[in-house]
Amino acid sequence: MSASARLVTTLAGPLESATASLPGERCLPGRTLILQGDDTQLAAYDLAAALAGEASVARFPRPWPRRFGTCTVSPGLDVAVFAGVHAVRAVDRRGTTLWEVRHGCWEGSCREMHASFDEYGENTDSRGHLYADSGSVVFSADGKLVWAHVRGPLAAGDEDPDVIDEWLVLDATDGSVLGQADIQTAAAGSGHVSHPDPGQMGLSVGEGQDGVPLLWGRWDGERLTVDRIGDDDRCLMAVSPSGEHFLTVTHYQEALALHRVEDGSVVSELDAEEVIPDHPALHPDNDEPEVRWDYYGGFLDEHTVIAGTSEADEEYGAGRHWLVDVRDMRLLGEVTYPFPTSGVPGTLGDGSWYTIAEDTKELQVWRLAGI
C-alpha cells in the first residue's frame, strides 16, 4: 500500500549564502518558522506568510560562528537567542545584546567561567573549544519564556562536582532565571521539542554511547519540575497537535513509540524490522538487511505520523518515507513522490511536510494527494 504525495510549492531558504546550513523549522502552535544560518547571521521567515507570497526575512547578526552552539528565534521574529559554549545570549535584529546568561564551559576539560567568546574563539589555540559539546534553547509556545539547557555552574564559585547539566526557564524579556533544575546528565548535545502549553517542554539529551535521557519539564509559574522518562534509550521526535501524546524512537532506531504526555507511559510501539519491507534495490544475496527508523519525523495530524528509514536505506538507494496510524501503531504504507527526494521529512504543523533539495537548499512542501 502506498500514499501519493502532492507538491504544494517550492520555497527558497531564508539565506542565499552557499555556505549556509540546510533550512530547518521551528513549529509553534498556529505557526511555523523556517530558519537558516551561516557563520555571520541567522535568518528566519514565517512559513504561512511565505506560502501567501508575503514573507519578509528577519536577519540576526551572530555573536559567534555557528559551530559554537545552537540557536532559536522568537515567534514574533524580533529576537534570536544563541546557546553558545559559555553563555546564552539574546539579540535583536541589529545584533544588540538584550540579555545574557553566563554558564560553565561546554568544553569538557575546561573549568573556567568565560567572560566572552574572545577567550576561547577561533583565534585561540584551544582545539577542544572549537569542537565543544553543546546545549540548546527554544522559546515557549507563547514566546514569553526561553527554555535553556546549559552546562553548570551559572556563577563562579558555585561549582558542584555532582552538577553537570542544568535546565533553565528564563524570562524572555530580560533573561532572568525563573526556574532551575539539576538534570543529572552529561550532554554531548541536546534538542528541545515544544509543547502547545508554554509551561511544558520536552528535552532529548545525547550522551553518545551512554544513552539518550528524555526529560519532560513543567513550569507552574513558581517551580520547575522535571521527569526522566524511560531508561535513557528513547529520543524525543515530536508532540501531537493536541499536546496529549509525544513520539519517540529508540536510541538504536529499532522502534517508534507513542507516549502519553501525562505520565510518559508508552501507549504502543512499532518495530521497523517487523513491518518495513526490504528496500527494492537490496541485492538478493543480502539476507540480513538492517532497517531502522530515522531520528526525525512528526505528526501530520493527531493520529497520523510521517517517519523515514532514509539513513538505513541510503546503503541501497533512495530513502523511503512511511505513514503510520499511531492509534494502533499500524503502518499505512510508503509515501510515493512524483520525483526523487532526499533526506528526512520535516512536518510543518498543518498537515503538510517538507523535504529539502540538497543541490539548491530549497524546501519542497508536500501534502497527501486529495487533501
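Guide: Before we look around, one definition helps: two strands are said to pair if DSSP finds at least two bridges between them. Please also keep in mind that what you see is a predicted model.

Visitor: Okay, so where does Gly202 sit, opposite which residue in strand 16?

Guide: Gly202 stands opposite Trp216 in strand 16. The two strands concerned are strand 15, residues 200–206, and strand 16, residues 214–219, which run antiparallel and are joined by five bridges.

Visitor: What order do the strands have in the sheet around them?

Guide: The order is 14-15-16-17, in an open sheet of four strands with antiparallel pairing. Strand 14 (189–194) and strand 17 (224–229) are the edge strands, and each of them pairs on one side only. From one strand to the next, the twist averages 25 degrees.

Visitor: Let's zoom out. How many helices and strands does the protein chain have?

Guide: The protein chain has four helices and 28 strands. Its radius of gyration is 21 Å, close to the 21 Å that the globule rule gives for 371 residues, so the chain is as compact as a globular protein of that length. If you take the principal axes, the C-alpha atoms fill a box of roughly 60 × 45 × 40 Å.

Visitor: And what share of the residues is buried?

Guide: Buried residues make up 52% of the 371 residues in the protein chain. The accessible surface comes to about 16,600 Å², and 45% of that surface belongs to carbon and sulfur atoms. As for contacts between residues at least 6 apart in sequence, 47% of them join residues at least 24 apart.

Visitor: Strand 19 caught my eye. How many of its six residues are buried?

Guide: Six of the six residues of strand 19, which covers residues 245–250, are buried, so this strand is largely enclosed by the rest of the structure. For that statement, buried means under 20% relative accessible area.

Visitor: Which way do its side chains point?

Guide: His245, Leu247 and Val249 point one way from strand 19, while Phe246, Thr248 and Thr250 point the other way, and all of these residues are buried. As a general pattern, side chains in a regular strand alternate between the two faces of the sheet.

Visitor: What joins strand 18 to strand 19?

Guide: Strand 18, residues 234–239, runs antiparallel to strand 19, and five bridges join them. Within this pairing, Cys235 stands opposite Val249. The two strands form a hairpin with five residues between them, and Gly243 in the turn has a positive phi of about 85 degrees.

Visitor: And which residue is opposite Leu247, over in strand 20?

Guide: Leu258 in strand 20 stands opposite Leu247. Strand 20 covers residues 255–260, and it runs antiparallel to strand 19 with five bridges joining the two. Here too there is a hairpin, with four residues between strand 19 and strand 20, and Gln253 in its turn has a positive phi of about 70 degrees.

Visitor: Switching to aromatic rings: how many aromatic pairs does the count come to?

Guide: The count comes to nine aromatic pairs. One of them is formed by Phe117 and Tyr120, an edge-to-face pair with 5.4 Å centre to centre and 80 degrees between the planes. Phe117 is buried, with a relative accessible area of 14%, and Tyr120 counts as buried at 0% relative accessibility.

Visitor: What about Trp147 and Trp167, how far apart are their centres?

Guide: The ring centres of Trp147 and Trp167 are 5.4 Å apart and their planes stand at 55 degrees, so the pair is tilted. Trp147 lies in strand 11 (residues 145–151) and Trp167 in strand 12 (residues 165–171), so the pair ties together parts that are 20 residues apart in sequence.

Visitor: Buried or exposed, those two?

Guide: Both Trp147 and Trp167 are buried.

Visitor: Which residues form an aromatic cluster with Phe117?

Guide: Trp64, Phe68 and Tyr120 join Phe117 in one aromatic cluster.

Visitor: Last topic, the sheet with strands 2 to 5: which strands stand at its edges?

Guide: That is an open sheet of four strands in the order 2-3-4-5, with antiparallel pairing. Strand 2 (24–28) and strand 5 (58–61) stand at the edges, each with a single partner strand, so one side of each is left without a neighbour in the sheet. The twist from one strand to the next averages 25 degrees.

Visitor: And how many bridges are there between strand 3 and strand 4?

Guide: Strand 3, residues 31–37, and strand 4, residues 41–46, pair in the antiparallel sense over five bridges. If you would like to find a partner by eye, look for Ile34, whose bridge partner in strand 4 is Tyr45.

Methods: Residues numbered from 1 in each chain as written. Heavy atoms only, no water. Axes fitted to C-alpha atoms, helices over the stretch in contact; angles between N-to-C directions. Rg over C-alpha atoms; globule rule 2.2 N^0.38 Å. Buried < 20%, exposed > 50% of the residue type's maximum accessible area, 1.4 Å probe, protein only. Contact = heavy atoms within 4.5 Å. Areas by Shrake-Rupley, 256 points an atom, 1.4 Å probe, with all protein chains shown as cover. Phe/Tyr/Trp six-rings, centres within 6.5 Å; stacked < 30°, edge-to-face > 60°.
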